[in-house]
Amino acid sequence: MRDAPRRRYLRVERAFLASGPTVPLAGQSVDDIGGAAPGEVVEDAAILVVGNRIAAVGPAPAIPVPPGAEVIEHPGATALPGLVDAHVHLMIRRGESFIDLCRTHDDHQLLVRSAAHARQMLEAGVTTARDCGSRGTFLQALRDGIAQRLLPGSRLLTCGAPITSTGVHLWSCGGEVDTAAEARTLARRLLRDGADFIKVMATGGRMTPGTSPGRAQFDEAELRAIVDDAHRLGRPVAAHVLGTEGMAHAIRAGVDTLEHGNWLDADGSAVSFDEPLAREMAVRGQFRNMATNPSRTLAELPRNAALDANLRRDLAEHHERWHWFRRGLELGVPSFYSTDAIVGQWDGESPDMAWLTILIAERSGLPVPLVLRMATAVPAAALGLGQDLGMLAPGRVADILVVRGDPLTHPRALRAVESVYRDGDRVA
């Protein structure tokens, strides 16, 4: 006879339910979609966890404590869904290049450091992360070890080596191809080896010398070959894409998430926003992930702090990026953000989703409830996990971040982590 599932009864000052990945319709403004939906915040809240799922959430007087339940009090705290960082690179640290790293470290070394980084992310409140490019299959081993509770860490989705052209962005990870047939074969091998999704480098990137961020490095037919095979085998495709030319190919080839999506011109030096293409992306329901690694100094400064000339320039660059991000939202593009984590930029060497959320909440002009949804419910939906993750709701997996204070009014409360629950277990 099986033991009865463990029951936990969490009581908090308030619960932010992150009620769904709001996707605007063309013609709406950001303000139209940004306010908290009715019932999104519950005061004097209780969350009943049975096994690894949420059984009930709501005002504490309406949810009685079941016999034998473990009661955990978090006075003055807010519960929200565990954060979802949908674009990380666990094996690399600040100041390193992929090319040099792959020359100097073997897979065993990279596995050990990646395990440490996954644990740090979990302790910072990131309960789910998607690694968007590594070497070999060692991250699949880490993913499985975390899932089996052999070691602590964020729940992981992995892709292994990104598919790229010979000598182009992230070639050192081992995923070079030059024809549609080679790309299709590599995609099949990656999926055979346990990849959760396929990552393809649709344009060049800034970290690889000799590549062009603004130009496409696969045509639409080549990308479609990758997408068709991945979708046939039930796996999504993420495309690294900085330039508008590559975005057009990726959108029409049917990729699921566009990583970065910076709308760069062919030279990679200016924005070349294409409104009809953005509307096409919205109609197709393809997600844009503003994977961005901001200035640590700018993120840590209070909103009203004086800025020197360098920080004013940094902020102006961020504001331009956020302007086009908001424009995509207004046109109906389902959008979210992530860290594009390079470990070592933040305290404790963790790639910190909380600091990025704080920076966007305080300085981007987006409403805070929407910003929090774009760190929880929206990326969960983009990763195909929206039925299980990203919301505090009955039936969802009990991934819960508890912070001291109220991040809806003071976003910096996200840094005051009181506890983290993953799959119903208290892990930090």
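This passage describes the overall fold, one helix, the aromatic pairs and one arginine of a predicted model.

The protein chain contains 13 helices and 18 strands. For its 428 residues, a compact globule would be expected to have a radius of gyration near 22 Å, and the value of 21 Å computed for the protein chain agrees with this. Along the principal axes, the C-alpha atoms occupy a box of roughly 65 × 50 × 40 Å. Buried residues make up 58% of the 428 residues. Among contacts with a separation of 6 or more, 73% are between residues 24 or more positions apart. The accessible surface of the protein chain amounts to about 16500 Å², and carbon and sulfur atoms contribute 50% of that area.

Helix α8, spanning residues 275–284, has both a buried and an exposed side. The buried residues in this helix are L277, A278, M281 and A282. These residues lie on the same side of α8, because the arc that they cover around the axis is only 145°. Their packing partners are α7 (244–253), β12 (257–264) and β13 (287–291). On the face turned away from the buried side, α8 carries the exposed residues P276 and V283. Both ends of the helix have further local features. At the start of α8, a side-chain oxygen of D274 comes to within 3.0 Å of the backbone nitrogen of L277, a residue that also belongs to the buried set. Just after the helix, G285 adopts a positive phi of about 75°.

Aromatic rings were examined next. A pair of aromatic rings is described by the distance of the centres and the angle of the planes. The count comes to three aromatic pairs. One of them is formed by W263 and F273, which are arranged edge-to-face, with 4.7 Å from centre to centre and 65° between the planes. W263 is located in strand β12, whereas F273 is in the loop between β12 and α8, so this pair ties together parts that are 10 residues apart in sequence. W263 has a relative accessible area of 3% and is therefore buried, the cut-off being under 20%. Another edge-to-face pair consists of F287 and F336, with a distance of 6.2 Å from centre to centre and an angle of 65° between the planes. This pair links distant parts of the chain, as F287 is in strand β13 and F336 is in strand β14 (residues 335–338), 49 residues apart. Both F287 and F336 are buried. In addition, W263, F273 and W324 make up one aromatic cluster. Strands β12 and β13, which hold W263 and F287 respectively, are also among the elements against which the buried residues of α8 pack.

The final site considered is R422, in strand β17 (residues 417–422). With a relative accessible area of 6%, R422 falls under the 20% limit and therefore counts as buried. A polar atom of the R422 side chain lies 2.7 Å from the backbone oxygen of G153. When neighbours within four places in sequence are left aside, the residues in contact with R422 are L122, T127, I146, R149, G153, R155, A398, D399 and V427. G153 thus appears both in this list of contacts and as the residue whose backbone oxygen faces the polar side-chain atom at 2.7 Å.

Key
Residues numbered from 1 in each chain as written. Predicted model: local features only at pLDDT ≥ 70, side-chain atom pairs only at ≥ 80, totals over all residues. Heavy atoms only, no water. Helix = DSSP H or I, 4+ residues; strand = E, 2+ residues; numbered from the N terminus. Buried < 20%, exposed > 50% of the residue type's maximum accessible area, 1.4 Å probe, protein only. Polar contact = N/O pair within 3.5 Å; in protein donor to acceptor, adjacent residues only side chain to side chain. Contact = heavy atoms within 4.5 Å. Arc of directions from axis to C-beta. Rg over C-alpha atoms; globule rule 2.2 N^0.38 Å. Areas by Shrake-Rupley, 256 points an atom, 1.4 Å probe, with all protein chains shown as cover. Phe/Tyr/Trp six-rings, centres within 6.5 Å; stacked < 30°, edge-to-face > 60°.
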